[in-house]
Amino acid sequence: MERMQGEGEVDHLERPSPLTDKERVMIQDSWGKVYQNCDDAGVAILVRLFVNFPSSKQYFSQFKHIEDQEELEKSPQLRKHARRVMNAINTVVESLENSEKTTSVLQVVGKAHALRHKVEPVYFKILNGVILEVLAEAFSEVMTAEVAAAWTKLFASLYCTITAVYEELGWKKHSTSTG
Ligand code: HEM
C-alpha cells in the first residue's frame with residue numbers, strides 16, 4: 001500500500017549543517033560510479049518511484065495509466081525525465097562547493113515543478129528516499145553506511161531548498177488525486 005504524509009503542505013524541516021569536506025568527497029566519488037551508468041540507474045530509480053508510489057505517475061501524461069513495469073521502463077517520457085533528474089543531480093554534485101550554482105539549479109527545478117507541472121513537493125522527499133534505496137542496492141560496494149549518510153544529508157538540504165522555493169511561490173495544493 002502506498003502511504004504518504006504531508007501532501008498539500010510544505011514541510012518545514014530543519015536545514016542540515018553544511019557538508020564537510022569529507023562528506024563532499026564521498027558524495028563526489030560515489031556519484032562518479034553511478035553516473036557512469038546514468039541511463040540504467042536513472043530508469044531504475046524512476047521505475048521504482050512509480051511502482052512503489054503509483055500516485056507519483058499522475059503528473060505524467062504518457063504513462064500515468066501504465067502499471068506494467070517493463071512497459072514503464074520503455075516509456076520515452078519516463079526515460080527522458082530519468083535523464084533530466086540524473087543530469088540535475090550531476091550538476092549539483094559537481095557544484096557542491098558553489099552554493100549559488102546549486103541554489104540556482106534547484107530554483108529552476110522547483111519553479112518548473114510548482115508552476116508548470118504542479119507537483120506536490122512531498123514527491124521530492126519520496127524520490128530522495130527512492131534514490132537512496134536504489135543506489136544502496138545497485139552500488140552496494142560504494143554506498144557504505146558513511147557514504148549513504150552523506151547522501152542523506154545532501155538530499156535533506158536539497159529538499160529544504162526546494163520547499164523554500166515552493167513556499168516563496170505561495171504553493172497551495174493544486175491536485176485532487178492522491179492515487
Ligand atoms: C531531483 C528531482 C527532480 C529533478 C531534478 C527534475 C527535473 C526535471 C526537469 C529538468 C524537467 C524538464 C524541465 C521543465 O519542464 O521545465 C522535468 C519535467 C517534469 N518533471 Fe521533474 N524532476 C524531479 C522530480 C520530479 C518529481 C518528483 C516529479 C513528480 C512526481 C516530477 C515530474 C515532472 C513532470 C510531470 C515533468 C514534465 C514531463 C514532460 O513534460 O514530459 N519531477 N523534471
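## Starting at V147

Leaving aside its neighbours within four places in sequence, V147 touches three residues, namely M26, S30 and V142. V147 itself belongs to helix α7, which covers residues 145–168. The model here is a predicted one, and in it the C-alpha atoms of V147 and I27 are separated by 6.7 Å although their positions lie 120 residues apart along the chain. Is V147 buried, exposed or partly exposed? With 19 other C-beta atoms within 10 Å, V147 is partly exposed, because a residue needs 20 or more to count as buried.

A second residue of α7 worth a look is F155. F155 also has 19 other C-beta atoms within 10 Å and is partly exposed. If you would like a distance to check on screen, try F155 and K80: they are 75 residues apart along the chain, and their C-alpha atoms are separated by 22 Å.

## The overall fold

Now step back to the whole protein. It has seven helices and zero strands, so the pattern along the sequence reads α-α-α-α-α-α-α. The radius of gyration is 16 Å, close to the 16 Å that the globule rule gives for 179 residues, so the protein is as compact as a globular protein of that length. Along the principal axes, the C-alpha atoms fill a box of roughly 45 × 40 × 25 Å.

Of the 179 residues, 26% count as buried. Among contacts with a separation of 6 or more, 78% are between residues 24 or more positions apart.

## How far to trust the model

The mean pLDDT of the protein is 93, and 92% of the residues reach 70 or more. The stretch to treat with care is residues 175–179, where the pLDDT is below 50; beyond near neighbours in sequence, this stretch has twelve contacts in the model. Where pLDDT is low, the predicted coordinates should not be read in detail. For the complex, the predictor gives an ipTM of 0.98 and a pTM of 0.93.

## Around the ligand

Which residues come nearest to the ligand? There are 17 residues around the ligand, and Y59, R84, A88, A112 and Y123 come nearest. The elements that each give two or more residues to this shell are α4 (76–94), α5 (99–116) and α6 (122–138). Helix α4 supplies the largest share, five residues. By class, the shell has ten nonpolar, five polar and two charged residues.

A112 is a handy one to pick out, and you will find A112 in helix α5. With 11 C-beta neighbours inside 10 Å, A112 counts as exposed, since the limit for exposed is 12 or fewer. The C-alpha atoms of A112 and W171, 59 residues apart along the chain, are separated by 12 Å.

## Helices α2 and α6

Helix α2 runs over residues 38–52; at 1.5 Å a residue, these 15 residues should span 21 Å, and the end C-alpha atoms are indeed 21 Å apart. Its buried residues are A41, G42, V43, I45, L46, L49 and F50. An α-helix has 3.6 residues a turn, so residues three or four places apart point the same way. What covers the buried residues of α2 includes α1 (21–36), α3 (69–74), α4 and α6.

Helix α6 has 17 residues and reaches 25 Å from its first C-alpha to its last, close to the 24 Å expected at 1.5 Å a residue. Which residues of α6 are buried? They are V122, F124, K125, L127, V130, I131, V134 and L135. These buried residues pack against α1, α2 and α7.

## The loop before α6

One last stop is K118, found in the loop between α5 and α6. K118 is not a glycine, yet it has a positive phi of about 55°. With 13 other C-beta atoms within 10 Å, K118 is partly exposed.

Technical notes. Residues numbered from 1 in each chain as written. Predicted model: local features only at pLDDT ≥ 70, side-chain atom pairs only at ≥ 80, totals over all residues. Helix = DSSP H or I, 4+ residues; strand = E, 2+ residues; numbered from the N terminus. Rg over C-alpha atoms; globule rule 2.2 N^0.38 Å. Contact = placed C-beta atoms within 7 Å. pLDDT = per-residue confidence, 0-100. Near = placed C-beta within 6 Å. Nonpolar A, V, L, I, M, F, W, Y, C, P; charged D, E, K, R; others polar. Expected span 1.5 Å × (residues − 1).
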